[in-house]
Amino acid sequence: MTMLTKILTATTATVALGGSLLATAAPASAAARDGVCQSGEFCYYFNSNTQGSLSDFTTSVPNYNTTQPTCYDYKGPGNGKGKCIKNAAASAWNRSGKTVRVYFNSGYSGAYQDFAPGAKANLKSGLKNQNASHEFGPGSGSGSGSRKAMSTSLYSASGTITCGFDGYKNTAGRHEGIDIARGVGANVYALTAGQLINVARGSTGRSGLSTIAVYNSSLNKTVIYLHSAPLSSLRVGQTIRKGQVIAKESWHGVSSKGAAHTHVEMRPGRQTRAAKSVGDSRLENPNPTSFWNSQGYSVR
Ligand SMILES: [Zn+2]
């Protein structure tokens, strides 16, 4: 929508709503994502001066996604309803008891604007229609400080990073992913949602590499898991939920059982296979830390 169109529709919405805005009573508890800005919530508005459709939150969100049906969208009645909120908020109302910080980038980074408890204001130039994440109580641990450890999330139990991104020490080549280990047979959980675009089952031992590739079209990124034993129920084309069990830890494509681990690799775009790591001196993938942070994980 062009700025002129947005201004015109904002005016129309103001006229149409008239004095009805005061009719929203605050119920006893806040129900997020219901299109009503209740006590305890932080709310984005599609238009300036807290006009138009709103989107209500009770927690920090590091990444809004950009397309339906996976994006955070406007829920309330009025202008903008159903549209994704990323880069499309003009004002906000903080009805929570904590400061809420709105960021230019996903993952709580870049330029920001603070909304004190009770504040109702337009987003400033540079953030208006350029909002990508928000954090309740910035620096207090509710947002970035509460990111979950990747190693714990992968197994839904404690795991250990045994080799980091580009972290080969005694192996020739550049490591294109992150190796995480718990123990043979441990459930492996999907770290991101998406569509399953490749399953190669492999077998135990050096030559039996397995691959699970999950493509997220909103993020335009593929997360690839190597070496595990994919669940027999996995089918190419199926939708994978974040936190869904996809495999058991194993050593498919690893020389010994004692070295079992899951290699987790983020690749830009739609990719059915991992980049070559062992024996390949060219690093293809970007450092994935900011990606994992934007998905709510810390690389540990
Ligand atoms: Zn690896």
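Helices and strands here are runs assigned by DSSP, with at least four residues for a helix and at least two for a strand, numbered from the N terminus. That numbering gives us a handy way to place things: Pro 69, for instance, lies in the loop between S2 and S3. Keep in mind as we go that this is a predicted model.

Let's start with the whole protein. Its secondary structure comes to three helices and 19 strands. There are 300 residues, and buried ones make up 43% of them. If you take the contacts between residues at least 6 apart in sequence, 62% of those join residues at least 24 apart.

Now for the sheets, beginning with one built from four strands. This sheet is open, its order is S2-S1-S3-S6, and the pairing is antiparallel. At its edges you'll find strand S2 (51-57) and strand S6 (120-122), each of which pairs on one side only. From one strand to the next, the twist averages 20°.

Strand S1, residues 42-47, is a good place to linger. Six of its six residues are buried, so S1 is mostly covered. On one hand, S1 pairs with S2 in the antiparallel sense over five bridges. On the other, four bridges join S1 to strand S3 (residues 91-94), and these two also run antiparallel. You can follow both pairings from a single residue, Phe 42: its bridge partner in S2 is Phe 57, while in S3 it stands opposite Asn 94. Over at Asn 47, the residue standing opposite in S2 is Gln 51. S1 and S2 form a hairpin with three residues between the strands, and there Asn 49 takes a positive phi near 60°.

Another sheet is made of three strands. It is open as well, with the order S5-S4-S7 and antiparallel pairing. Strand S5 (109-115) and strand S7 (133-136) are at the edges with a single partner strand each, so one side of each has no neighbour in the sheet. Neighbouring strands here are turned by 25° against each other on average, direction ignored. Strand S4 (residues 100-105) runs antiparallel to S5, and five bridges join the two. Look for Asn 105, which stands opposite Ser 109 in S5.

A few backbone details are worth a stop too. Most residues other than glycine have a negative phi, and most peptide bonds are trans. With that in mind, go back to Pro 69: the peptide bond leading to it from Gln 68 is cis, with omega near 10°.

Arg 33 is next. It is not a glycine, yet it has a positive phi of about 65°. You'll find Arg 33 in the loop between helix H1 (3-17) and S1. Is Arg 33 buried, exposed or partly exposed? It has 13 C-beta neighbours inside 10 Å, so it counts as partly exposed; a buried residue would need 20 or more, and an exposed one would have 12 or fewer.

Ser 156 has a positive phi as well, of about 50°, and is not a glycine. This residue lies in the loop between helix H2 (150-155) and strand S9 (160-163). Because Ser 156 has 14 C-beta neighbours inside 10 Å, it counts as partly exposed.

Methods
Residues are numbered from 1 along each chain as its sequence is written. This is a predicted model: local features need pLDDT of at least 70, side-chain atom pairs count only at pLDDT 80 or more; totals for chains, interfaces and linings use all residues. Two residues are in contact if their C-beta atoms, placed from the backbone, lie within 7 Å. Two strands pair if DSSP finds at least two bridges between them. Axes are lines fitted to C-alpha atoms, for helices over the stretch in contact, and angles run from 0 to 180 degrees between N-to-C directions.
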